[in-house]
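Reader: I've got this model open on my screen and I'd like a close look at one part of it. Could you pick the sheet with the helix lying across it, and walk me through how that region is put together and what surrounds it?

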Amino acid sequence: MHSTAARLSSDRRDILLVALVIPLHGPAGIVGPSCELSAQLAVEELNAAGGILDREVRLVVVDGGAEPRRVADEVEGLVALGAVDAVVGWHTSAVRQALAPRIAHRVPYIYTAQYEGGEETPGVFLTGETDVQQLAPAMRLLSEATGARRWCTVGSDYVWPRVTARTARRFAAECRSSVVDEVFVPLGTEEFGPALRRVEACGADAVLMLLLGDDAVRFNRAFTAAGLHQHCIRLSTHMDENLLLATGAEASEGLWATAGYFDSLMTSESLSFGHRYARRFGDEAPVAGSLGESCFEGILLLGALAEQRRSLAGPPRPDDSICYEGPRGALRLRGNHLEQRLYLARADALDFEITAQL
């Protein structure tokens, strides 16, 4: 193995390989294409400007939609062989928890998904939004704007929704509301009848939707078909334009989302990114959305970390002086998390209308 690693290293002294861990199948596979294209655009733009540390950046795509231990085995194998120099990706917290202890002390690991917070493994850096940043202001604003006070959480049965549900209970109390029920379903659930009956039975007027990809799409359609949208709003921290398009305009009434980026964000940085993305991949490409665009941010942060240290050897330490500009604006690390602006948006047919900055 050591001779193989040495040969790989000598064969690519001018190439920097990044494992891009994104879902290519399963419930979250719907966002995989936008994640890959966004990361590809970031790599192409970095390479046009000289790469990272004067090395050409190339992506090695790994399917993060597999069982967490299997994903961790594959990525750890690449790291052990010296076949990748860093890991970037959007995937579930279950995959992150399996992967981080096995690689973060060897190479930089940048996790780009919105998540439940609390990740402190040395060598892990996080560009995504956290529940603490999003939920408290979003729930408060929606309670004030709509009068919703009785929340029901519907989430997938794994770490992110479970931890977020606990956070939501605390925030609901702070805005004079309450969580009256919590329903957790397996990843890949296709029949939401039992969950919808729970929503109706508890008298909820707001649903905190903590579902991934296709699961969220199916839930939205079933929710509307049951007529619950007529008296109950939905809030998601994982809903982007690709999922909204799959949901359909007829099932988007009363749907809200919160994120650090939307395609409808009218800033110079976001408009420029949208123009470059469309010019590179064409009008038929999947929308970047907040989930895919996060991988663009992840590649940019990797470049900023490397330039700050002039090396990618070993895991970089948190450094509050590291900053860069991307589609989300001027961003800075605070500890190992990216500090960014967050927004609340309302679904308007097949697009999101931003209503507030959180």
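Author: Here is a walk through that sheet, its helix and then the rest of the chain.

Keep in mind that this is a predicted model. The part you're after is an open sheet of seven strands, in the order β7-β6-β8-β9-β10-β14-β15, and its pairing is mixed. At the edges sit β7 (178-185) and β15 (351-357), each of which pairs on one side only. Going from one strand to the next, the twist averages 25 degrees.

Let's start with β8. Five of its five residues are buried, so it counts as mostly covered. Ala206, Leu208 and Leu210 point one way from β8, while Val207 and Met209 point the other way, and all are buried. That's the pattern you'd hope to see, as in a regular strand the side chains alternate between the two faces of the sheet.

Now the neighbours of β8. It pairs with β6 in the parallel sense over five bridges, and there Cys152 has Val207 of β8 as its bridge partner. With β9, β8 also runs parallel, joined by four bridges. In that pairing, Leu208 stands opposite Leu235 in β9.

Where does the pairing run antiparallel? Look at β14 (residues 343-348) and β15: they run antiparallel and are joined by six bridges. One pair to click on is Ala345, whose bridge partner in β15 is Ile354.

Next, the helix. α8 (residues 213-225) lies across β6 (150-156), β8 (206-210), β9 (233-236) and β10 (255-259), and it runs at about 160 degrees to β8. It has 13 residues and reaches 19 Å from its first C-alpha to its last, close to the 18 Å expected at 1.5 Å a residue. Just after α8, Gly227 takes a positive phi of about 80 degrees.

Which residues of α8 are buried? They are Gly213, Asp215, Ala216, Val217, Phe219, Asn220, Phe223 and Thr224. Those buried residues pack against β6, β8, β9 and β10, and also against α7 (193-201) and α9 (241-247).

Two residues from this region turn up again in the largest nonpolar core. That core has 122 residues, and Phe219 and Leu235 are among the members that touch the most others, along with Val75, Val87, Trp90, Met139 and Leu301. The element that gives the most to this core is helix α11 (residues 289-309), with 10 residues. As a rule, in soluble globular proteins, nonpolar side chains tend to be buried together. To see what one of these core residues looks like up close, try Val87: leaving out residues up to four places away in sequence, it touches Ala19, Val21, Val75, Val79, Leu99, Ile103, Val107, Pro108, Tyr109 and Ile110.

Two of those contacts, Ala19 and Val21, take us to β1. Eight of its eight residues are buried. Both faces are covered, with Ile15, Leu17, Ala19 and Val21 on one side and Leu16, Val18, Leu20 and Ile22 on the other. β1 pairs with β2 in the parallel sense over eight bridges, and Leu16 has Val57 in β2 as its bridge partner.

After β1 comes a loop leading to α2 (32-48), and Gly29 has its place there. Why does Gly29 count as buried? Its relative accessibility is 14%, and the cut-off for buried is under 20%. Gly29 touches Pro23 and Leu24, again leaving out residues up to four places away in sequence. α2 itself has 17 residues and reaches 24 Å from its first C-alpha to its last, close to the 24 Å expected at 1.5 Å a residue. Its buried residues include Cys35, Leu37, Leu41, Val43 and Leu46, and what covers the buried residues of α2 includes β1, β2 (56-63), α9, α10 (268-281) and α11. So α9 is a name to remember, since the buried residues of α8 pack against α9 as well. Just after α2, Gly50 takes a positive phi of about 110 degrees.

Finally, zoom out. The protein chain comes to 11 helices and 15 strands, and buried residues make up 57% of its 358 residues. A compact globule with 358 residues would have a radius of gyration near 21 Å, and the chain has 20 Å, which agrees. Among contacts between residues at least 6 apart in sequence, 69% join residues at least 24 apart.

Methods. Residues numbered from 1 in each chain as written. Predicted model: local features only at pLDDT ≥ 70, side-chain atom pairs only at ≥ 80, totals over all residues. Heavy atoms only, no water. Pairing = 2+ DSSP bridges. Helix = DSSP H or I, 4+ residues; strand = E, 2+ residues; numbered from the N terminus. Axes fitted to C-alpha atoms, helices over the stretch in contact; angles between N-to-C directions. Contact = heavy atoms within 4.5 Å. Core = buried A, V, L, I, M, F, W, Y, C linked by side-chain atoms within 4.5 Å. Buried < 20%, exposed > 50% of the residue type's maximum accessible area, 1.4 Å probe, protein only. Expected span 1.5 Å × (residues − 1). Rg over C-alpha atoms; globule rule 2.2 N^0.38 Å.
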